[in-house]
Amino acid sequence: NQLSDQVQVNPRLTFDFDNKQIHSIMECETETGSVKLISKEGDDFPVDIEVAKMSELVKGMLEDDADDDDVTEIPLPNVKAAVLKKVIEFCQHHRNEPMTEIEKPLKSAQMAEVVQKWYADFVNVEQVLLFELILAANYMDIKPLLDLTCATVASMIKGKTPEEIRKTFNIANDFSPEEEAQVREENKWCEEP
């Protein structure tokens, strides 16, 4: 036993005084157990703690309840059950296959050229669900999901005229023809040649 030579500060860090080195143990510490995420409608979704902690909101709530060993229930009153199910699906997949970093500005309007196929397929949904996923990712503070969903909306805009964007998102043009002409004239500098 060489306790005099080595001091273990915590499970991840050891000081070795003989060699004057610091050793960091690179083992991945995983938490076991599950937590129940409760949707707006009151539906509960049991999720591994490791997956649930992708959400900074949930992670903070779990840390606040660190003394409680029972299965914790986390209410998410701003997230519908159907959306929460998709959020959990994303987090579970992300744990096994992390998403590649999304380059900005987007290199393509095709999400399959920006991220892996699974992620591109994941956001190939109706606009209503896409926007609900953005709101859920923002509320739950899940950066990779927020990046993916916002990049998807950006890809829907990329390379389109204002008229095409209005049509894509069903936005009414509230400018009179005179007002629109004035705005175009004032912003000529930003239009592509």
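# Notebook: helix H6 and its surroundings

I started with Thr152, which counts as buried at 5% relative accessibility. I should jot down early that this is a predicted model. Thr152 sits in helix H6. Leaving out residues up to four places away in sequence, I found Thr152 touching Met111, Val123 and Leu130.

**Entry: H6 and H5**

Next I looked up how H5 and H6 meet. Their axes come within 8 Å and cross at roughly 145°. I noted the crossing of H5 and H6 as left-handed. On the H5 side I listed Gln127, Leu130, Phe131, Leu133, Ile134, Ala137 and Asn138. On the H6 side there are Leu145, Leu146, Thr149, Cys150, Thr152, Val153 and Met156. So my starting residue, buried Thr152 at 5%, turns up in this list too.

**Entry: H6 and H3**

Then I turned to H3, residues 81–96, and H6, residues 143–157. They pack at an angle of about 110°, with axes 10 Å apart. That makes H3 roughly perpendicular to H6, because angles of 65 to 115 degrees get that label. Val87, Phe90 and His94 of H3 make the contact with Pro144, Leu145 and Leu148 of H6. The crossing of H3 and H6 is right-handed, whereas H5 passes H6 in a left-handed one. Leu145 is in my H3 contact list, and Leu145 is in the H5 list as well.

**Entry: the loop before H6**

Which residues does Ile142 touch, not counting those up to four places away in sequence? I got Met54, Ser55, Val87, Phe90, Cys91 and Ala137. Ile142 is in the loop between helix H5 (127–140) and H6. It counts as buried because its relative accessibility is 1%, and the cut-off is under 20%.

Asp141 lies in that loop between H5 and H6 too. Asp141 is partly exposed, with a relative accessible area of 40%. I also spotted a positive phi of about 60° at Asp141, although it is not a glycine.

**Entry: Ser55 across from the loop**

Ser55 was on the Ile142 list, so I looked it up. Ser55 is in the loop between helix H1 (49–52) and helix H2 (56–64). Buried or exposed, by the relative accessible area of Ser55? Buried, at 1%. Its contacts, with residues up to four places away left out, are Met140, Asp141 and Ile142. The side chain of Ser55 reaches the backbone oxygen of Met140 at 2.5 Å. Ser55 and Ile142 are 87 residues apart along the chain, yet their C-alpha atoms are separated by 4.8 Å.

**Entry: cysteines**

How many disulfides does the count come to? Zero. A disulfide is a covalent bond between the sulfur atoms of two cysteines. I checked two cysteines for exposure anyway. Cys91 is buried, with a relative accessible area of 5%, while Cys150 counts as partly exposed at 36%. Cys91 is one of the residues Ile142 touches, and Cys150 is among the H6 residues that meet H5.

**Entry: two backbone oddments**

Where is the cis peptide bond I wrote down? It runs from Lys104 to Pro105, with omega near 0°. Pro105 is in the loop between H3 and helix H4 (117–122).

Asn170 has a phi near 55°, a positive value in a residue other than glycine. Asn170 is in the loop between helix H7 (162–169) and helix H8 (177–186). Asn170 is exposed, with a relative accessible area of 72%.

Key:
Residues numbered from 1 in each chain as written. Predicted model: local features only at pLDDT ≥ 70, side-chain atom pairs only at ≥ 80, totals over all residues. Heavy atoms only, no water. Helix = DSSP H or I, 4+ residues; strand = E, 2+ residues; numbered from the N terminus. Buried < 20%, exposed > 50% of the residue type's maximum accessible area, 1.4 Å probe, protein only. Polar contact = N/O pair within 3.5 Å; in protein donor to acceptor, adjacent residues only side chain to side chain. Contact = heavy atoms within 4.5 Å. Disulfide = S-S within 2.5 Å. Axes fitted to C-alpha atoms, helices over the stretch in contact; angles between N-to-C directions. Parallel < 35°, antiparallel > 145°, perpendicular 65-115°, else oblique. Left-handed = near helix turned anticlockwise from the far one by under 90°.
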